[in-house]
Amino acid sequence: MQSLLYTGTNYDEVKRLCGGRVLAPYFCMGFSMLSLDTGEGFVTVNEGDTIVLDDDGSLRIIG
């Protein structure tokens with residue numbers, strides 16, 4: 001298992017962890033967000049959320 005806290009400024013680290021399953025960040029009302037394909041559909045990752053890559057390759061968000 002690997003995990004990474006999304007800070008809003010570490011997109012390159014997120015991309016290394018998630019590969020092609022992450023969409024470029026977008027900004028709304030002063031905050032940065034990402035869209036991430038967990039395999040069960042796209043979810044929003046907000047600043048302060050933790051992205052978890054499980055040993056089986058699945059992604060989940062802890063917010």
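Three strands form an open sheet in the order E1-E5-E6, with antiparallel pairing, where strands (E, at least two residues) and helices (H or I, at least four) are DSSP runs numbered from the N terminus, and two strands pair if DSSP finds at least two bridges between them. The edge strands of this sheet are E1 (2-5) and E6, each of which pairs on one side only. Neighbouring strands of the sheet are turned by 20° against each other on average, direction ignored; the axes behind this angle are lines fitted to C-alpha atoms, for helices over the stretch in contact, and angles run from 0 to 180 degrees between N-to-C directions.

The model is predicted, so that local features need pLDDT of at least 70 and side-chain atom pairs count only at pLDDT 80 or more, whereas totals for chains, interfaces and linings use all residues. Residues are numbered from 1 along each chain as its sequence is written, and side-chain values use heavy atoms, with hydrogens and water left out.

Within the sheet, strand E5 (residues 50-53) and strand E6 (residues 59-62) are antiparallel and share 4 bridges. Leu53 has Leu59 of E6 as its bridge partner, and Val52 stands opposite Arg60 in E6. A second antiparallel pair is made by strand E3 (residues 31-37) and strand E4 (residues 42-46), over 5 bridges, and here the bridge partner of Asp37 is Phe42 in E4.

Both pairs are hairpins, and positive phi values occur in them as well as elsewhere in the chain, as the table lists.

| Residue | Place | Phi |
|---|---|---|
| Gly57 | hairpin of E5 and E6, 5 residues between the strands | near 90° |
| Gly39 | hairpin of E3 and E4, 4 residues between the strands | near 100° |
| Gly19 | just after H1 | about 65° |

Met29 also has a positive phi, of about 55°, although it is not a glycine. Met29 lies in the loop between strand E2 (22-28) and E3, and it is exposed, with a relative accessible area of 77%; exposed means over 50% relative accessible area, buried under 20%, and partly exposed in between (1.4 Å probe, protein chains only).

In helix H1 (residues 11-18), the residues Val14, Leu17 and Cys18 are buried. Seen down the axis of H1, these buried residues fall within an arc of 80°, so they line one face of the helix, the arc being that of the directions from the helix axis to the C-beta atoms. The face of H1 turned away from the buried side carries the exposed residues Asp12 and Arg16. The cover over the buried residues of H1 includes E1, E2, E3, E5 and E6.

Taken as a whole, the protein chain has 1 helix and 6 strands, which run β-α-β-β-β-β-β from the N terminus on. A compact globule of 63 residues would have a radius of gyration near 11 Å, and the 11 Å of the protein chain agrees with this; the radius is taken over C-alpha atoms, and the globule rule is 2.2 Å times the number of residues to the power 0.38. The C-alpha trace spans about 35 × 20 × 20 Å along its principal axes. Of the 63 residues, 33% count as buried. Among contacts (heavy atoms within 4.5 Å) with a separation of 6 or more, residues 24 or more positions apart account for 34%.
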